[in-house]
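Please open the model in your viewer and keep the sequence panel visible. The tour below proceeds by selection, one stop after another.

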Amino acid sequence: MDSAAVDERIRTLIEPFNKKGVTIEDATTFAGDLEFDSLTVMDFVAEIEDEFDIIISMNQQAEIENYGQLVAAVHKMQDS
Amino acid sequence: MTETLTDIAPTGDLLSKFDDLIQTRETLLASGIEDPFNLVMEKVLSPTTAICNGRETILLGTYNYMGMTFDPDVIDAGKQALSDYGSGTTGSRVLNGTYQGHRECEDALREFYAMDHAMVFSTGYQANLGIIATLAGKGDYIVLDIDSHASIWDGCAMGNAEVVPFKHNDVEAMEKRLRRIPEGAGKLVILEGVYSMLGDVAPLKEMVAIAKRYGAMVLVDEAHSMGFIGKNGRGVCEEQGVIDDVDFVIGTFSKSVGTVGGFCVSNHPKFDIMRLVCRPYVFTASLPPSVVATAATSIRKLMHGANKRAHLWENSKRLHGGLTELGFQLGTSEPQSAIVAVIMPDLERGAAMWEALLKEGLYVNLARPPATPANMTLLRCSLCAEHSAEEVETVLGMFERAGKAMGII
């Protein structure tokens, strides 16, 4: 799956979590712009893990601050 | 206008990251409420009563499940050890800090759990910290419940393993994560018997079976079930018939045992090497002789605690049923442990209710985010086998008056 396809699927998954309807760009941050708390992060990560059949450990999550980084990380993981 | 603490913070102050919390606390205390996190027990009368702020108070939030703190045999053992061995060991377990009493305490644990090995730590927190960080290192995977205790999370962070949490008590979510772990990686599944915030029990029978199927080692923290749940009081893994498949059981002396300290028991043939490689075991002083003597005596008495266990269940069922009838919202729909968690609408009303109960003469734990799941504010009640049936009725009366006065029910 190419990066654009990964982007499209994550964009769909993020919708129900984007309660304030923030415009999603690569630089959009989860903690700051989207105001995700720890429980929301867990549910959102679980959705992505199930969709792509991958694990994003908490150690890896700590490196992912914005949307662009998430798409890049998932793209890399589901390729390997 | 009075100057608040947060106004005077100089730049570069490393404590300024706590400003929001300081503000929340000041607002709460400004409303005239007694500080829920600064209560002093002026005199302790029994496992179930104390003098707090000058008032005689029923203790319903101490985790003293089996009421062993004033047991005459336990106290005698402590006094004897204090006279015979002195006030402290001043040393690590692996140097000069292993006395006869530490060995006897570990013997008592091995007998209590019918397991081959037991290792005593200075606190329950250190037991989790040490065992988890030592077992699972870089490249290994830890799969754990999202509602795990702080000591478990801290153990994960200290060991540098890949940490993969799953939704609370969700068997399917746990299995999915185990299935996705790369082949050949070391796997540790961490579960708790009873989760202390809501007092709910884990489906260990299913979870342990799945963990074993995926070749994972299993660690179960039975801090809140020891002495009470299971035929021999060994915990939820005994109750659900999976204790033989659990690789490591972690527990504490600061709840049913009635003193302080932590432990790990295991049947793993190589377990003893942990004594040399587990840093929170090695680089701290061992428990004082009086503490291990009281712990060993208490553990041996808990082996024969069937009647007390039965009474504790009666207390838990009555409190749970009574609070439900009064209209309180509880953490579980049926009593599952000796913890009954009453859900409050928010922190302000939770703190007000907590204070109203204290003025009635009742102490419960006020639990709030981030320690609680789903940002809940809880009044956490933990029952004791020494609470009489009458005391439980008195407690229900206090909850009714305070709940109505505060508009909670």
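Begin by selecting Met274(B), which counts as buried because 20 C-beta neighbours lie inside 10 Å. The model is a predicted one. Met274(B) belongs to helix α9 of chain B, residues 274–277. Apart from residues up to four places away in sequence, Met274(B) touches Met119(B) and Thr134(B). Now add Arg300(B) to the selection: Met274(B) and Arg300(B) are 26 residues apart in sequence, and their C-alpha atoms are 25 Å apart in space.

**Helix α5 of chain B**

Next, select residues 150–159 of chain B, which form helix α5. Which residues of this helix are buried? They are Ser151(B), Ile152(B), Trp153(B), Gly155(B), Cys156(B) and Gly159(B). To see what surrounds them, display α4 (124–135), β5 (141–145), β6, β7 (187–192) and β10 (217–221) of chain B; the buried residues of α5(B) pack against these elements. Then move just past α5(B) to Asn160(B), where phi is positive, at about 65 degrees.

**A hairpin and its parallel neighbour**

Select strand β2 of chain B, residues 49–52, together with β3(B); the two strands pair in the antiparallel sense over four bridges. Cys52(B) is placed opposite Arg55(B) in β3(B). The connection between β2(B) and β3(B) is a hairpin with two residues between the strands. In the turn, Asn53(B) shows a positive phi of about 50 degrees.

Keep β3(B) in view and add strand β14 of chain B, residues 362–363. These two strands pair in the parallel sense, over two bridges. Here the bridge partner of Ile58(B) is Leu362(B) in β14(B).

**Tyr65 of chain B**

Continue along the chain to Tyr65(B), in the loop between β3 (55–59) and α2 (72–85) of chain B. Is this residue buried or exposed? Tyr65(B) is buried, because 32 other C-beta atoms lie within 10 Å, and the cut-off for a buried residue is 20 or more.

Its contacts are worth displaying one by one. Setting aside neighbours within four places in sequence, Tyr65(B) is in contact with Gly227(B), Phe228(B), Lys255(B), Ser256(B), Leu312(B), Ala338(B), Ser382(B), Cys384(B) and Ala385(B). For a distance to check in the viewer, pick the C-alpha atoms of Tyr65(B) and Glu238(B): they are 18 Å apart in space, while the two residues are 173 apart in sequence.

**Backbone points to inspect**

Most residues other than glycine have a negative phi, and most peptide bonds are trans. The following selections depart from that pattern.

Select Pro369(B) and Pro370(B), which are joined by a cis peptide bond with omega of about 5 degrees. Pro370(B) is found in the loop between β15 (365–367) and β16 (377–382) of chain B.

Go next to Asn169(B), which is not a glycine yet has a positive phi of about 55 degrees. Asn169(B) sits in the loop between β6 (162–166) and α6 (171–180) of chain B. With 19 other C-beta atoms within 10 Å, Asn169(B) is partly exposed.

**Where the two chains touch**

Colour the two chains separately and look at where they touch. How many residues of chain B are in contact with chain A? Twelve residues of chain B are in contact with ten residues of chain A. On the side of chain B that touches chain A, β6 and α6 each supply at least two residues. By class, that side of chain B has seven nonpolar, no polar and five charged residues.

**Chain A**

Finally, select chain A alone. Its secondary structure comes to four helices and zero strands, and along the sequence the pattern reads α-α-α-α. The C-alpha trace spans about 35 × 25 × 20 Å along the principal axes of chain A. The radius of gyration of chain A is 12 Å, which agrees with the value near 12 Å for a compact globule of 80 residues. Buried residues make up 19% of the 80 residues in chain A. Of the contacts in chain A with a separation of 6 or more, 57% are between residues 24 or more positions apart.

End at Glu35(A), in the loop between α1 (3–14) and α2 (38–52) of chain A. Although it is not a glycine, Glu35(A) has a positive phi of about 55 degrees. Glu35(A) counts as partly exposed, with 13 C-beta neighbours inside 10 Å.

Definitions and conventions: Residues are numbered from 1 along each chain as its sequence is written. Chains are lettered from A and ligands numbered from 1 in the order in which they are written. This is a predicted model: local features need pLDDT of at least 70, side-chain atom pairs count only at pLDDT 80 or more; totals for chains, interfaces and linings use all residues. A residue is buried if 20 or more other C-beta atoms lie within 10 Å of its own, exposed if 12 or fewer, and partly exposed in between; C-beta atoms are placed from the backbone. Two residues are in contact if their C-beta atoms, placed from the backbone, lie within 7 Å. Two strands pair if DSSP finds at least two bridges between them. Ala, Val, Leu, Ile, Met, Phe, Trp, Tyr, Cys and Pro count as nonpolar, Asp, Glu, Lys and Arg as charged, and the others, Gly among them, as polar. The radius of gyration is taken over C-alpha atoms; the globule rule is 2.2 Å times the number of residues to the power 0.38.
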